[in-house]
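Got your viewer open? Here is a walk through a structure, one selection at a time.

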Amino acid sequence: MKATIFSLTIFLIIFFVDCVNAVDFGIGIHSGYGIIKYKEQTSAFGTNIESESKQNVVLFGVSGEYSLKKPGNFYIGIVTDWASGLKDEERWRENDIQIQTNDVKFFGEFYDFRFGYKNTSDNLYYRVHISGGWDGLHFKGDNIIQEGISVSGSIKKDISLWRIGAGFGAGYRLGKWALDGRLMYNYYPKGEVENSLYPGITFDTNGTCFDGGLGIGRQITRNLSFYTGLSYTLIKLKEDIKRSGSQLVVFPDSKTEMVLGMVNITYAF
């Protein structure tokens with residue numbers, strides 16, 4: 001799945017570059033560094049079980065945007081992100097008593113395809129869009145310690161999420177400088193979770209994603225611009241409970257938060 005979406009994204013970016021004229025197309029490269037927090041919670045087993053982890057994360061991404069000639073001011077775009085966590089500890093508690101610790105490492109991939117409208121009025125500029133895409137959240141845990149006893153093996157969890165959404169962005173220019181902000185909301189109508197602890201079982205989930213950012217930009221040349229700012233992402237997913245024979249298995253309610261400092265360079269052709 002992720003290989004297919006990645007290949008489609010690269011194909012579309014190359015296709016746009018091949019068929020655009022001057023100032024019709026912009027391509028951006030962005031990166032960020034910050035923190036990701038991941039939490040799970042369930043009471044499906046009769047007690048309150050929670051897990052929590054926090055790790056530093058590095059993000060890299062590319063984007064492309066093509067301005068349509070007709071109708072005017074409309075555009076199509078692609079935004080991709082790849083985020084890699086720098087392994088840290090995950091703690092599990094049952095009724096506030098710690099029952100397990102393990103190392104955990106995160107990898108996330110996000111693909112967003114957009115159709116929108118943009119315009120300017122004096123120094124003010126704005127844009128709105130609708131979008132669809134796919135997000136993948138991947139976790140790997142090892143060095144497992146349960147109640148003081150080391151457990152061999154590792155745990156892998158893959159979360160696959162289809163999403164639809166809408167977003168709004170606006171900015172105010174002061175000469176070559178600009179104050180820029182954005183808000184975006186996504187709904188996950190379909191999600192699947194695979195956990196190596198429960199082979200052969202696929203959990204179903206759905207949820208929401210809120211994404212926002214605020215920063216400053218500067219026009220370096222007519223075609224080149226620079227942006228730096230803060231980004232915040234919140235993903236909430238719902239619990240799914242299944243049975244495997246006589247055993248109850250569960251994907252808990254989960255919450256993922258990312259806070260990143262971002263930089264972006266955009267070149268308009």
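What follows is a list of stops, each with something to select and something to look at. Keep in mind throughout that this is a predicted model.

**Stop 1: the hairpin of S4 and S5**

Start with strand S4, residues 88-94, and add strand S5, residues 97-121. These two strands run antiparallel to each other and share seven bridges. For one rung of that ladder, pick Trp92, whose bridge partner in S5 is Gln100.

Now go to the turn of the hairpin, where two residues sit between the strands. Select Asn95, which lies in this loop. What is the phi of Asn95? The value is positive, about 50°, even though Asn95 is not a glycine. With a relative accessible area of 44%, Asn95 is partly exposed.

Click on Asp96, also placed in the loop between S4 and S5. Here phi is near 70°, again a positive value in a residue other than glycine. Is Asp96 buried or exposed? Asp96 is exposed, because its relative accessible area is 63% and the cut-off for exposed is over 50%.

**Stop 2: the other partner of S4**

Keep S4 selected and bring in strand S2, residues 49-67. S2 and S4 also pair in the antiparallel sense, with five bridges. Zoom in on Ser53 and you'll find its bridge partner in S4, Glu90.

**Stop 3: aromatic pairs**

Time to show the rings. How many aromatic pairs does a search of the whole structure find? The count is 11. Take Phe74 with Tyr117: their ring centres are 5.2 Å apart and the planes make an angle of 65°, an edge-to-face arrangement. Phe74 belongs to strand S3 (residues 74-85) and Tyr117 to strand S5, so this pair ties together parts that are 43 residues apart in sequence. Phe74 is partly exposed at 25% relative accessible area, and Tyr117 counts as partly exposed at 25% too.

Next, select Tyr198 and Phe203. This pair is edge-to-face as well, at 5.9 Å centre to centre with 80° between the planes. Both of these residues are buried.

Before leaving the rings, highlight Phe60, Trp82, Tyr111 and Trp134 together. These four form one aromatic cluster.

**Stop 4: charges over rings**

Which ring does the charged end of Arg127 sit over? Show Tyr75 alongside Arg127: the charged end is over the Tyr75 ring, 4.8 Å from its centre. Then swap to Lys157 and Phe139, where the charged end of the lysine sits over the Phe139 ring at 5.8 Å from the centre.

**Stop 5: a nonpolar patch on the surface**

Finish by switching on the surface and colouring Leu124, Tyr172, Leu174, Trp177, Leu179, Leu214 and Ile216. Together they make a nonpolar surface patch of about 710 Å². Which elements give two or more residues to the patch? They are strand S8 (155-174), strand S9 (177-195) and strand S10 (202-219).

Leu124, another member of the patch, is found in strand S6, residues 124-146. Its relative accessible area is 39%, so Leu124 is partly exposed; membership of a patch needs over 30%.

Key. Residues are numbered from 1 along each chain as its sequence is written. This is a predicted model: local features need pLDDT of at least 70, side-chain atom pairs count only at pLDDT 80 or more; totals for chains, interfaces and linings use all residues. Side-chain values use heavy atoms; hydrogens and water are left out. Patches are made of residues with over 30% relative accessible area and no salt bridge: like charges are joined within 9 Å, nonpolar side chains (Val, Leu, Ile, Met, Phe, Trp, Tyr) within 5 Å. Accessible areas come from the Shrake-Rupley method with a 1.4 Å probe; for residues, only the protein chains shown count as cover. A salt bridge is a side-chain nitrogen of Lys or Arg within 4 Å of a carboxyl oxygen of Asp or Glu. Helices (H or I, at least four residues) and strands (E, at least two) are DSSP runs, numbered from the N terminus. Buried means under 20% relative accessible area, exposed over 50%, partly exposed in between (1.4 Å probe, protein chains only). Rings of Phe, Tyr and Trp (its six-membered ring) pair if their centres lie within 6.5 Å; planes under 30 degrees apart count as stacked, over 60 as edge-to-face and the rest as tilted. A charge sits over a ring if NZ of Lys or CZ of Arg is within 6 Å of the ring centre and within 35 degrees of the ring normal. Two strands pair if DSSP finds at least two bridges between them.
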